[in-house]
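Thank you all for coming. I would like to walk you through one model this morning, so please keep the sequence and the structure in view while I talk.

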Amino acid sequence: MSDKASGHEPVDGTSTVTPLIQATNIEVVYNSIILAVRGITIQLGKGQTVALLGPNGAGKTTTLKAISRLITPEGGEVSKGELTYKGESMLAWDAYKAVKRGIVQVLEGRQVFPTLTVEQNLLVAAYSNKIRRSNIKSALEKIFEYFPRLKGRRNTRAGYTSGGEQQMLAIGRALILEPKVILLDEPSMGLAPLVVEEIFEIIGDLSQKESVSILLAEQNASIALRYADYGYVIETGRVVMSGPAATLREDDNVKAMYLGIDESGLRQEFGADTRRKERADVFAM
Ligand SMILES: Nc1ncnc2c1ncn2[C@@H]1O[C@H](COP(=O)(O)OP(=O)(O)OP(=O)(O)O)[C@@H](O)[C@H]1O
Ligand SMILES: [Mg+2]
């Protein structure tokens, strides 16, 4: 793997590298009262895959939405700290501008239009974001190359496709916007292990071949740390641990809390997956 650590050099003036995305000590408040993120500092370097890990309600989705700027229509705002893209402040941007600049979020829960076909879902994403028509055909072909399963289902209504195919479609809808940064919220949610593996395999491929940078929120720390370069563990709105993915994988606290492995090295029954929340809640939009 190439040296993709550049996004994690110190940003105190000693580094000459500007990370693609830099959140510095950000706080995020919903409806002016609910403090969901309490001072998070994270970086995403070019071509990197960075994982945000942590339990329910930790602030992973909120952090992604702060960056995609989807936080504003949710009634939230970054009330403190700085957020930059290539060194430029994003705080005054709306979500449309973020997409135009190449920052695209794939929402938690596979948001697709169930009555439209797979191909129509991709086209709607392209048209509603004013992607040039001349680019759309080749973008479609590229998506079908990465996701051959979608190609086979291109004329099927999205609502009739499997959970894994819908997750692939949700990622495809982001890809058609020719992103530089994909913010991916819990792609493993509710999917069988083999499908999760297949999706992460494709995401890994994408990040390498297309040099897309990926910021990934996952409760499934085991898979996220296998594919990510770097990880942050977030609890109650704060980063409590961070480091290269390989280091986090070996950390005893991470092993015990997020990988379900005890001191003797045995995998316990409880683990990231058993702590997953029931999803019929306010986030199901
Ligand atoms: N739209 C909203 N309005 C008010 N509070 C919210 C909203 N979205 C999230 N919150 C609150 O912000 C905190 C962080 O939630 P967030 O969804 O970011 O966590 P998460 O780490 O993504 O959790 P999960 O793993 O369950 O998806 C929680 O206390 C949550 O209740
Ligand atoms: Mg979430």
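Let me begin with a piece of the fold that is easy to trace by eye: β7, helix α7, which covers residues 193–209, and β8 together make a right-handed β-α-β unit. I should say at once that this is a predicted model, and I will come back to the confidence values towards the end.

Staying with that unit, the two strands β7 and β8, the latter spanning residues 213–218, run parallel and are joined by five bridges, and within this pairing D185 stands opposite A217 in β8. Strand β7 also has a partnership with strand β6, residues 103–106, where the pairing is again in the parallel sense and extends over four bridges; here V104 stands opposite I182 in β7.

How many of the five residues of β7 are buried? Strand β7, residues 181–185, is mostly covered, with five of its five residues buried. If you look at the two faces in turn, V181, L183 and D185 lie on one side and I182 and L184 on the other, and all of these are buried, so that both faces of β7 are covered.

Let me now move to the other sheet I wanted to show. This one is an open sheet of four strands, in the order β2-β1-β4-β5, and its pairing is antiparallel. The edge strands are β2 and β5, the latter at residues 88–89, and each of them pairs on one side only. Strand β1, residues 21–30, pairs with β2 in the antiparallel sense over eight bridges, and if you want one position to find in the register, A23 has I42 in β2 as its bridge partner. As a general reminder, strands of a sheet pair through backbone hydrogen bonds, whether parallel or antiparallel.

Next, the ligand. Which residues come nearest to ligand 1? Of the 16 residues around ligand 1, those that come nearest are Y30, A36, K60, T61 and T62. The elements that give two or more residues to this shell are β2, residues 34–44, and α1, and it is α1 that gives the most, with three residues. In character, the residues of the shell around ligand 1 divide into eight polar, five nonpolar and three charged.

That brings me to helix α1 itself, residues 60–68, which is mostly covered, nine of its nine residues being buried. Among those buried residues are K60, T61 and T62, which I have just named as being among the nearest to ligand 1. The helix is followed by R69, whose phi is positive, near 70°.

Finally, the chain as a whole and how far we can trust it. There are 10 helices and 10 strands in the chain, and buried residues make up 44% of its 285 residues. Of the contacts in the chain with a separation of 6 or more, 70% are accounted for by residues 24 or more positions apart.

The average pLDDT of the chain is 87, and 85% of the residues score at least 70. Over residues 10–14, however, the pLDDT is below 50, and this stretch has two contacts in the model beyond near neighbours in sequence. The pLDDT also stays under 50 over residues 269–285, for which the model has 19 contacts beyond four places in sequence.

Methods. Residues are numbered from 1 along each chain as its sequence is written. Chains are lettered from A and ligands numbered from 1 in the order in which they are written. This is a predicted model: local features need pLDDT of at least 70, side-chain atom pairs count only at pLDDT 80 or more; totals for chains, interfaces and linings use all residues. A residue is buried if 20 or more other C-beta atoms lie within 10 Å of its own, exposed if 12 or fewer, and partly exposed in between; C-beta atoms are placed from the backbone. A residue is near a molecule or strand if its C-beta atom, placed from the backbone, lies within 6 Å of it. Ala, Val, Leu, Ile, Met, Phe, Trp, Tyr, Cys and Pro count as nonpolar, Asp, Glu, Lys and Arg as charged, and the others, Gly among them, as polar. Two strands pair if DSSP finds at least two bridges between them. Two residues are in contact if their C-beta atoms, placed from the backbone, lie within 7 Å. pLDDT is the predictor's confidence in each residue, from 0 to 100. A crossover is right-handed if, with the strands pointing away from the viewer, the path from the first strand over the helix to the second runs clockwise.
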